[in-house]
Amino acid sequence: MAEDAPQRTLGRVAEIGRVATRHGFGYLLERRRTADGEPDPERGRRLREMLDELGPTFVKFGQLLSTRPDVVPPDIIAELRKLQDDVSPFAMEDVERVVQEELGLTVEQAFLDFDEVPVAAASIGQVHRATLPNDAEVVVKVQRPNAARQIESDLKLMASAARVARERVRQLDFIDTGELVEEFGRSIRLELDYQQEARNAETFRRNFADDERIAVPRVWWRYTTGRLLTLDRLDGTHVRDLDLASWEDDARRELAYTMTDAWMAMIFRHAFFHGDPHPSNILHLEDGRLGLIDFGLAGRLTEMDMARLTRLFVDAATENVEALPRRLSDLGVRYPREREEELRSRLEELYYRYYGSRLSEIDPIEAIREGLTLIYAMNLRLPTRFVILDKAIATLGSVAAEVYPDFNVFEVARPYARQLISERFSPRRLALRTRSEIQDLGEIALEVPRQVHDVLNELRDGELQVRISNPGIDDLAHHMDVSVNRIAVALVILGGLVGSSLIGVLAESGPHLLGLHILSVVGFVLAGAFGLWLLWGVFRSGRL
């Protein structure tokens with residue numbers, strides 16, 4: 001088995017090369033252009049087809065690229081977005097094998113009816129209509145065979161490529177490519193676990209139990225495993241397939257605002273939100289409700305996140321722009337301290353561009369895009385939960401704007417933001433927060449005498465150690481070692497020259513060479529060799 005892994009890796013590399021060549025990407029650095037010098041208009045389609053053929057990992061990577069208009073040209077984004085829905089299905093024989101392995105039953109034994117033609121095919125699995133023995137109509141999501149093993153293999157290749165890119169491509173210095181691949185790996189591994197997706201669905205169903213506008217399917221746990229997910233079937237039309245041109249403006253407005261209101265409730269009330277609100281994951285049901293599906297990507301905000309977001313909102317609302325970098329840092333946004341003034345200046349520029357404008361005058365998608373552009377330009381590092389939140393809001397805003405062109409996400413978000421601020425600064429919440437902080441301070445105070453006692457004991461026993469961490473000290477120590485070694489070699493050379501000279505002057509008996517005693521000649525030769533070696537080392541270091 002140990003020998004099979006390298007062989008599989010080499011085989012995968014060869015396969016990637018063959019697929020890339022077949023789709024016109026044989027030369028990675030080639031910029032394919034038409035005769036008039038314009039970019040190849042077919043490059044997006046060829047890239048989509050190549051990623052589709054390479055399998056789940058590369059499809060997910062293509063989906064990620066489709067959300068990055070700051071680095072990917074529009075024509076390629078338009079094609080990569082089709083990877084959301086236009087993925088090749090796998091054979092029914094493989095579906096039957098997965099069901100048998102996961103449930104210990106054949107398809108015929110587990111279901112009264114099972115539609116062999118999938119209603120949707122995604123990068124990791126595909127969905128089939130089915131009927132349970134109790135006549136419940138469900139959809140069954142089946143994971144692609146060997147998806148986990150293939151994804152792990154591809155992630156290793158991506159990690160190797162990321163290391164090479166980090167070391168050799170200077171233009172990527174501002175990106176931690178290794179961390180990017182690690183983050184992508186964590187995300188796709190979560191999506192491989194269908195039981196995690198089922199738990200997400202249960203949470204959403206519980207959160208919207210009292211909302212008559214939103215429907216979330218029930219999980220059938222008896223027919224759900226790590227590679228199999230069975231949910232109630234929701235009868236409706238995907239938002240992407242709605243004939244909106246025939247709808248009245250009021251109906252379109254209602255749909256857009258209901259979708260947005262649902263996500264604002266997830267973010268501001270539940271602190272648990274669906275991370276991928278694209279039009280294939282939202283259904284318009286026959287009874288007028290909205291149905292939510294595909295719960296593989298979800299984000300969670302902690303109580304502390306909500307408190308810090310509130311302070312950020314308050315500072316923005318009160319025009320306290322000076323505090324915004326600190327608020328971002330509290331939220332986990334990382335940036336070099338020496339660039340804090342630049343960040344504050346850029347934030348002020350962005351803030352005052354929109355400050356004082358009416359909501360109807362603001363393009364929310366453009367505002368979000370400018371904020372993300374600022375983040376990428378300054379190499380700010382966002383925590384994963386906020387990256388998912390940014391993606392969800394941007395995607396939601398885009399979908400809602402397609403449904404109702406005059407839609408404005410901030411108009412829906414404003415009441416939730418006000419409610420959040422009022423709740424966070426209510427007397428009851430302030431009292432609870434004060435009590436919690438007093439308890440924390442009390443625990444710290446109780447620990448102080450014990451910690452002082454431990455330090456004094458270590459000091460008494462001579463075991464107290466102080467560690468100073470400074471990256472410059474190690475370099476300084478290295479340079480001092482080099483300098484001391486060179487001085488030692490120089491002293492050896494000097495001693496050899498002086499000793500050889502004394503022997504040459506004082507020694508009268510014994511063998512001579514060129515008028516000098518043989519020991520004197522040997523000493524001069526050794527001293528000369530050491531001298532040349534020292535000079536060569538100095539020249540190689542470039543420091544004379």
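**Close-up views of a predicted model**

**View 1. The largest nonpolar core.** The largest nonpolar core counts 83 residues, and Met259, Phe273, Leu292 and Leu301 have the most contacts inside it. (Such a core is a set of buried Ala, Val, Leu, Ile, Met, Phe, Trp, Tyr and Cys residues joined through side-chain atoms within 4.5 Å; buried means under 20% relative accessible area, exposed over 50%, partly exposed in between, with a 1.4 Å probe and protein chains only.) Helix 10 (residues 249-270) chips in the most, with eleven residues; helices (H or I, at least four residues) and strands (E, at least two) are DSSP runs, numbered from the N terminus. This is a predicted model, where local features need pLDDT of at least 70 and side-chain atom pairs count only at pLDDT 80 or more, while totals for chains, interfaces and linings use all residues. Residues are numbered from 1 along each chain as its sequence is written, and side-chain values use heavy atoms, leaving out hydrogens and water.

**View 2. Around Leu292.** Leaving aside residues up to four places away in sequence, Leu292 touches Phe208, Ile214, Ala215, Val216, Pro217, Leu234, Trp263, Met266 and Asn281. Contact here means heavy atoms within 4.5 Å.

**View 3. Alanine 271, a positive phi in a buried spot.** Ala271 has a phi of about 60°, positive although it is not a glycine. Ala271 sits in the loop between helix 10 and strand 8 (272-274), and it counts as buried because its relative accessible area is 13%.

**View 4. Aspartate 135, a positive phi in an exposed spot.** Asp135, also not a glycine, has a positive phi near 75°. Look for Asp135 in the loop between strand 3 (125-131) and strand 4 (137-143); with a relative accessible area of 57%, Asp135 is exposed.
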